[in-house]
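Please look over the structure shown here and follow the report below, which moves from single sites to helices, their packing and the nonpolar cores.

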Amino acid sequence: MKVAGHLGGRLKLEQVGRRIIAVSTADLKKDELKRLVLLETGLWHPPFEDRLKTIPRRLKIICDRLSSVYPGVRIPIAPHDFEKIFISILLSKRVNYDIVRRWCREIWRTFSNGFEEILSRERELEEVSRSYQLSMLIESIRDLLRLQEEPSRIHPRILKLFGRPGRDLPRYILSLPPDLARLVLLSVKGVGPKTADSILLTTSTSSESIPCDVHLIKFVDRMGILKGLKGPDKSFCRRFLCKPEYAERWGIPVCPRAVGDECIRCELLKYFGGLGGWFQTLIYLHGRDFCRSIKPRCWECPLRDLCPSSRT
């Protein structure tokens, strides 16, 4: 049962075998309900496994193994719930998932009208928790909405090509090409490269968005896929684009770290392209179950015969 956001409390999804049964009490036409179900189940995209032949052989072997351990993994998206996803991702920094879920349920129940209501009643937010994540959330929301009055913080090429944002800031951001939407998000206080990619991966059809979290960085190092590279740096990401073809298309310089083959995100984009977000999702699941930072379960890992680190 969807608990919040668009159709919150009015949409139930059930998987029976390979079928999805959707039940909604909302007054929706069947085509509109089907469109929403495809987005929120990840079925909007064909099976990612069908495109593995486009990547290098060793990476294909690794992805084949991962997709057999975690079959049917898809990327659900909810562009109609941008504010709620923004809140949940901003709160997820360095905190347990169950705590984030509790915070979110309380915030969504108390502040049903989103960003503006949170800012107008921010003292009440302290009743949810006094953790620094909620304090930073308020600062990030305020800074995001400030883009409407201070559009000069947005890259000048974006303003020239797509104009200034209007009152509906989420609609403006999601109307941009994903690589430019990422630049806008990165102009917001408290939003770094991983956060921006996480937001875009779950609110847009940009399956190239690769949140470079600790699970991913640790996995590619242990597996020997990439060694000695740096994670994305906001000071670069907010000014440059990763891919030369995007840089040429939009008239924004390509990142020096991409040119120098120094950045994990840029290198993974070269290998995976539109499979990048799916690959990261598989790695997140694998990191949770086996490839942990502390006490990894190498002896029972289904990838141990492919992993050079399992012997050390």
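## Lys227 and Arg58

In this predicted model, Lys227 sits in the loop that runs between α12 (214-222) and α13 (234-237). Its relative accessible area is 54%, and because exposed means over 50%, Lys227 is classed as exposed. Between Lys227 and Leu28 there are 51 Å from C-alpha to C-alpha, at a sequence separation of 199 residues.

Arg58 belongs to helix α2, which covers residues 57-69, and with a relative accessibility of 37% this arginine counts as partly exposed. Arg58 and Cys307 are 249 residues apart along the chain, while their C-alpha atoms are separated by 11 Å. When residues up to four places away in sequence are set aside, the residues that Arg58 touches are Met223, Gly224, Ile225, Leu306 and Pro308.

## Backbone angles at Leu7, Arg94 and Gly42

Most residues other than glycine have a negative phi. Leu7, which is not a glycine, nevertheless has a positive phi of about 65°; this leucine is placed in the segment before β1 and is buried, with a relative accessible area of 3%. Arg94 is likewise not a glycine and has a positive phi, of about 55°, but this arginine lies in the loop between α3 and α4 and counts as exposed at 76% relative accessibility.

A positive phi also occurs at Gly42, where the angle is near 85° and the residue follows α1.

## Helices α1 and α7

Helix α1 comprises 12 residues, 30-41, and extends 16 Å from its first C-alpha to its last, close to the 16 Å expected at 1.5 Å a residue. Its buried residues are Leu33, Leu36, Val37, Leu39 and Thr41, and the elements against which these buried residues pack are the strands β1 (11-16) and β2 (19-24).

For α7, a helix of 14 residues, a rise of 1.5 Å a residue should give a span of 20 Å, and the end C-alpha atoms are indeed 20 Å apart, so the two values agree. Buried residues of α7 include the nonpolar Leu134, Leu137, Ile138, Ile141, Leu144 and Leu145, and Gln133, Ser140 and Asp143 are buried as well. The buried residues of this helix pack against α3, α4, α5, α6 (122-125) and α9.

## Packing of α3 with α11 and α4

Two packed helices are described by the angle between their axes and the distance between the axes. Helix α3 (residues 82-91) packs with helix α11 (residues 193-203) at an angle of about 145°, the axes being 10 Å apart, and α3 passes α11 in a right-handed crossing. On the α3 side the contact involves Phe82, Ile85, Phe86, Ile89 and Leu90, which meet Thr195, Ser198, Ile199, Thr202 and Thr203 of α11. By class, the residues of this contact are 6 nonpolar and 4 polar, with no charged residue.

The packing of α3 with α4 is also described by an angle of about 145° and axes 10 Å apart, and here too the crossing is right-handed. In this case Lys84, Ile87, Ser88 and Leu91 of α3 meet Val100, Trp103, Cys104, Ile107 and Trp108 of α4, and the contact of α3 with α4 is made up of 7 nonpolar, 1 polar and 1 charged residues.

## Nonpolar cores

In soluble globular proteins, nonpolar side chains tend to be buried together. Which residues of the largest nonpolar core touch the most other members? They are Phe86, Leu91, Ile107, Leu144 and Ile173, within a core of 48 residues. Two or more residues of this core are given by each of α3, α4 (97-110), α5 (115-120), α7 (132-145), α9 (169-175), α10 (178-185), α11 and α14 (244-250), and the largest share, 7 residues, comes from α3. Apart from this core lies another, of 42 residues, which has Ile62, Leu216, Phe240 and Ile283 among them.

Leu91 offers a closer view of the surroundings of one core member. Not counting residues up to four places away in sequence, Leu91 touches Val100, Trp103, Cys104, Ile107, Gln133, Leu134 and Leu137. Of these, Val100, Trp103, Cys104 and Ile107 are also among the α4 residues in the contact with α3, whereas Gln133, Leu134 and Leu137 are among the buried residues of α7.

Terms used
Residues numbered from 1 in each chain as written. Predicted model: local features only at pLDDT ≥ 70, side-chain atom pairs only at ≥ 80, totals over all residues. Heavy atoms only, no water. Axes fitted to C-alpha atoms, helices over the stretch in contact; angles between N-to-C directions. Helix = DSSP H or I, 4+ residues; strand = E, 2+ residues; numbered from the N terminus. Left-handed = near helix turned anticlockwise from the far one by under 90°. Contact = heavy atoms within 4.5 Å. Expected span 1.5 Å × (residues − 1). Buried < 20%, exposed > 50% of the residue type's maximum accessible area, 1.4 Å probe, protein only. Core = buried A, V, L, I, M, F, W, Y, C linked by side-chain atoms within 4.5 Å.
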